[in-house]
Amino acid sequence: AEKIFAAVRANGGEASDEHLRILHFLFGTTFVKALDIVDAQHVTKIVAQASRRSLFVVQGSATFPYTCAAGFCSCPAFNNSCLTHVDSLYCKHQLAAMFADSTRRAFESVVDEATFVATLCVDRNHFVAHGHGQQVSSPMRWSRYHHASAGSQRQHQRISYSTVSKTLHF
């Protein structure tokens with residue numbers, strides 16, 4: 001798949017019928033759903049200004065977007081189909097991100113490093129307390145707590161999803 005996306009990039013961002021046929025053969029309805037996401041313009045590429053690192057924020061059929069980075073998506077399907085049962089290599093959000101990037105159809109937002117890290121850390125499904133591996137309960141679903149040592153006490157800084165989404169305009 002990565003070779004096909006590279007070929008699309010090399011073709012000036014134009015996906016030929018052959019590219020589309022191969023991707024459909026490889027991924028079937030998952031690729032069709034990914035195309036629906038791209039057509040709906042629900043893919044944003046977040047680029048860190050200084051380091052040029054990037055990730056994608058993809059709005060699928062859920063009410064909130066998912067974060068996709070190399071080899072990862074925060075959606076439940078990625079965990080179930082790609083990691084646990086290994087039914088597929090990519091979820092529809094990852095395919096949408098790769099296709100939108102290769103065809104230059106992803107919105108791009110260049111952000112400072114702190115905003116990039118905050119975007120990477122905000123997981124809209126469940127949150128793991130930093131350094132503890134404990135899942136945080138659902139009332140705190142839209143935020144994550146960052147723990148910073150301050151002597152023997154810990155300070156908690158709340159990074160909310162709404163703050164990040166306003167900064168990134170999605």
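In the predicted model, helix α2 (17–27) has three buried residues, His19, Leu23 and Phe27. Viewed down the axis of α2, the buried residues fall within an arc of 40 degrees, so they line one face of the helix. The face of α2 turned away from this buried side carries Asp17, Arg21 and Phe25, which are exposed. On the buried side, the packing partners of α2 are α1, α3 and α5. After α2 comes Gly28, whose phi is positive, near 55 degrees.

His19, in helix α2, has a relative accessibility of 12%. Because the limit for a buried residue is under 20% relative accessible area, His19 counts as buried. Leaving aside residues up to four places away in sequence, His19 touches Ile4, Ala7, Val8, Asn11 and Glu14. Of these contacts, Ile4, Ala7 and Val8 fall within the residue range of α1 (2–10).

Over the whole protein chain, the secondary structure comes to seven helices and nine strands. The protein chain has 170 residues, and 40% of them are buried. Among contacts in the protein chain with a separation of 6 or more, 51% are between residues 24 or more positions apart.

Five of the strands form an open sheet in the order β4-β3-β2-β1-β5, and the pairing in this sheet is mixed. The edges are taken by β4 (72–73) and β5 (107–111); each has a single partner strand, so one side of each is left without a neighbour in the sheet. In general, the strands of a sheet pair through backbone hydrogen bonds, in either the parallel or the antiparallel sense.

Strand β1 (residues 43–48) runs parallel to β5, and five bridges join the two. Ile46 has Ser109 of β5 as its bridge partner, and Thr44 has Phe107 of β5. The pairing of β1 with β2 is antiparallel and also extends over five bridges; here Val43 is bridged to Val58 of β2. The two strands β1 and β2 form a hairpin with five residues between them, and Arg52 in the turn has a positive phi of about 65 degrees.

Six of the six residues of β1 are buried, so this strand is largely enclosed by the rest of the structure. In a regular strand the side chains alternate between the two faces of the sheet. Both faces of β1 are covered, with Val43, Lys45 and Val47 buried on one side and Thr44, Ile46 and Ala48 buried on the other.

The largest nonpolar core contains 27 residues, of which Leu23, Val43, Phe56, Val58, Cys73, Leu95 and Ala96 touch the most other members. The elements giving two or more residues to this core are the helices α1 (2–10), α2 (17–27), α3 (29–39), α4 (76–84) and α5 (92–102), together with the strands β2 (54–58) and β3 (66–69). Helix α5 supplies the largest share of the core, six residues. Ala96 touches Ala34, Ile37, Val38, Val43 and Val58, with residues up to four places away in sequence not counted. Apart from the largest core lies another core, of six residues, including Ile46, Val57, Val111 and Phe116. Val43 and Ile46 lie on opposite sides of β1; Val43 is a member of the largest core, whereas Ile46 belongs to the core of six residues.

The largest pocket has a volume of about 290 Å³. Its lining comprises 17 residues, and those nearest the centre of the pocket are Phe56, Ala69, Ala70, Gly71 and Met98. Two or more lining residues come from each of α1, β2, β3, α5 and α6 (113–121). The largest share of the lining, four residues, comes from α5, the helix that also gives the largest share of the largest core. Phe56 is one of the residues nearest the centre of the pocket and is also among the core residues that touch the most other members.

Thr67 is placed in strand β3. With a relative accessible area of 3%, Thr67 is buried. Thr67 and Leu120 are 53 residues apart in sequence, and their C-alpha atoms are 7.0 Å apart in space.

Terms used. Residues are numbered from 1 along each chain as its sequence is written. This is a predicted model: local features need pLDDT of at least 70, side-chain atom pairs count only at pLDDT 80 or more; totals for chains, interfaces and linings use all residues. Side-chain values use heavy atoms; hydrogens and water are left out. Two strands pair if DSSP finds at least two bridges between them. A nonpolar core is a set of buried Ala, Val, Leu, Ile, Met, Phe, Trp, Tyr and Cys residues joined through side-chain atoms within 4.5 Å. Buried means under 20% relative accessible area, exposed over 50%, partly exposed in between (1.4 Å probe, protein chains only). Contact means heavy atoms within 4.5 Å. The arc is that of the directions from the helix axis to the C-beta atoms. On a 1 Å grid over the protein atoms alone, a cavity is a set of points where a 1.4 Å probe fits but cannot get out, and a pocket is an open set with protein on both sides within 12 Å along at least five of seven lines; lining residues have an atom within 4 Å of a point. Grid points are joined across faces, edges and corners, and a volume is the space filled by probe spheres set on the points.
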